[in-house]
Amino acid sequence: MSWIEAVVLGFIQGLTEFLPVSSSGHLTIAGTFFGLTGEENLAFAVLLHAATVLSTIVVLWTEISGLFKGVFSFRWNDDTKMVTKILLSMIPVGIVGLFFKDTVEEMFGSGLLPVGCMLLLTAALLTVSYFAAPCRKKEISFRDAFIIGLAQACAVIPGLSRSGTTIAAGILLGNERGKVARFSFLMVILPVMGEALLDLLKALKGDELSAFSAIPAGAMICGFVAAFVSGAFACKWMIEIVKKGKLIYFACYCVAAGLFAIIYSLI
C-alpha cells in the first residue's frame, strides 16, 4: 500500500464514517480497486476507525466532558441517564462483536455484490426516515436507545451505513433529528475502541500480525491523519445536515453507489 492509497482510503473513511453512506462499503469498494487483500483491508480499516473515533472525541469534547462530570457527581441526573442509554445501546453490537466477529470479517472479503445490496437498503432506510412524521419526543428513551443499538448491530454488515441506520431508526421512533445525530456519534466511540483493542491484542498474539506488518508505517500515519482530519469535518457537517433533514440526497447517492457496486461485481 502506497501513502497515496492510504490518504485516499483515510479520506474516504473519515467522510463516510459520519455521512450515511457506509464507510465499510466504501472502503471495500476502494480496497477492491487498489487490489488490497481482505485481511490487509480489514487491518487498515481498524486503524482508520480509531482515527475517526478520535475525531469524534475532539469535535464532541464539550459534551463528552460534561457527561463525565455528571457521572462522577454520583447522582442520577441527565448526564448519568445519557451515559446509561449509551451503554444500553452498546449491548447488541457488543454481543455481535464477541460471538459473530469472525462471520462479519468474512463478509468483508465476500465481494462487492452484498455491499451494493446493503447500500440500496441504506438508501431505503434514509428515504423512509426523510418522509417520517415530525419528531414528537423531547428526549431519547431507554427503549429507543436499545432499539437504536439493535440498528447499530445490524450495521456491522459492509454496505449498511452505521450512522444512516442508527439515525434513521431514531427518527422513525419519533426523536428529534439533531439529538439522534449526536447520540449516534457518541454511541459508537466505545464499541469501535473496544474492537480496535481486541484486534490489536489479536495481532500481538500473531494471529493477524502479518496483515498489519504488510502495511508500511508511513502509509499508516498518512491514512490515520487523513481519516482524523476528514472525520472531524464530516462530524460537524453531518450534525447540521441531519438537523435540516436533507438525508434524501444521501439516499440518492447510496442508490448510485449501490448500483455501481452490483454492476461492477457482475462484470
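1. A helix's expected span is 1.5 Å times one less than its number of residues, and helix H8 is a good place to try that out. H8 covers residues 142–154, which makes 13 residues and an expected span of 18 Å; the C-alpha atoms at its ends lie 19 Å apart, so the two values agree. Please keep in mind throughout that this is a predicted model.

2. Staying with H8, which of its residues are buried? They are Asp144, Ala145, Ile148, Gly149, Ala151, Gln152 and Ala153. As background for reading such a list, an α-helix has 3.6 residues a turn, so residues three or four places apart point the same way. Phe142, a residue of H8 by its numbering, has a charged partner: Lys85 lies over the face of the Phe142 ring, 5.3 Å from the ring centre.

3. Stepping back to the whole chain, the secondary structure amounts to 14 helices and zero strands. Read from the N terminus, the order of elements is therefore α-α-α-α-α-α-α-α-α-α-α-α-α-α, given that helices and strands are numbered from that end. Among contacts with a separation of 6 or more, 82% join residues that are 24 or more positions apart.

4. On burial and surface: 49% of the 267 residues in the protein chain count as buried. The chain exposes about 12,600 Å², and carbon and sulfur atoms supply 73% of that area.

5. The largest nonpolar core is worth a look in your viewer. It holds 45 residues, and Ile167, Met238 and Leu247 have the most contacts inside it. Helix H14, residues 247–266, gives the most to this core, with seven residues. A second core, separate from that one, has eleven residues, including Ala6, Ala45, Leu48 and Ile215.

6. What does Leu247 touch, leaving aside residues up to four places away in sequence? Its contacts are Pro20, Leu126, Ser129, Tyr130, Ile167, Ile171, Arg177, Met238 and Val242. Two of these, Ile167 and Met238, are named with Leu247 as having the most contacts inside the largest core.

7. Tyr130 leads on to the aromatic rings. Five aromatic pairs turn up across the whole structure. One of them joins Tyr130 and Phe131 edge-to-face, with 4.9 Å from centre to centre and 85° between the planes. Are these two residues buried or exposed? Tyr130 is partly exposed, because its relative accessible area of 31% falls between the 20% and 50% cut-offs. Phe131 counts as exposed because its relative accessibility is 63%, and the cut-off for exposed is over 50%.

Methods
Residues are numbered from 1 along each chain as its sequence is written. This is a predicted model: local features need pLDDT of at least 70, side-chain atom pairs count only at pLDDT 80 or more; totals for chains, interfaces and linings use all residues. Side-chain values use heavy atoms; hydrogens and water are left out. A nonpolar core is a set of buried Ala, Val, Leu, Ile, Met, Phe, Trp, Tyr and Cys residues joined through side-chain atoms within 4.5 Å. Buried means under 20% relative accessible area, exposed over 50%, partly exposed in between (1.4 Å probe, protein chains only). Helices (H or I, at least four residues) and strands (E, at least two) are DSSP runs, numbered from the N terminus. Contact means heavy atoms within 4.5 Å. Accessible areas come from the Shrake-Rupley method with a 1.4 Å probe; for residues, only the protein chains shown count as cover. Rings of Phe, Tyr and Trp (its six-membered ring) pair if their centres lie within 6.5 Å; planes under 30 degrees apart count as stacked, over 60 as edge-to-face and the rest as tilted. A charge sits over a ring if NZ of Lys or CZ of Arg is within 6 Å of the ring centre and within 35 degrees of the ring normal.
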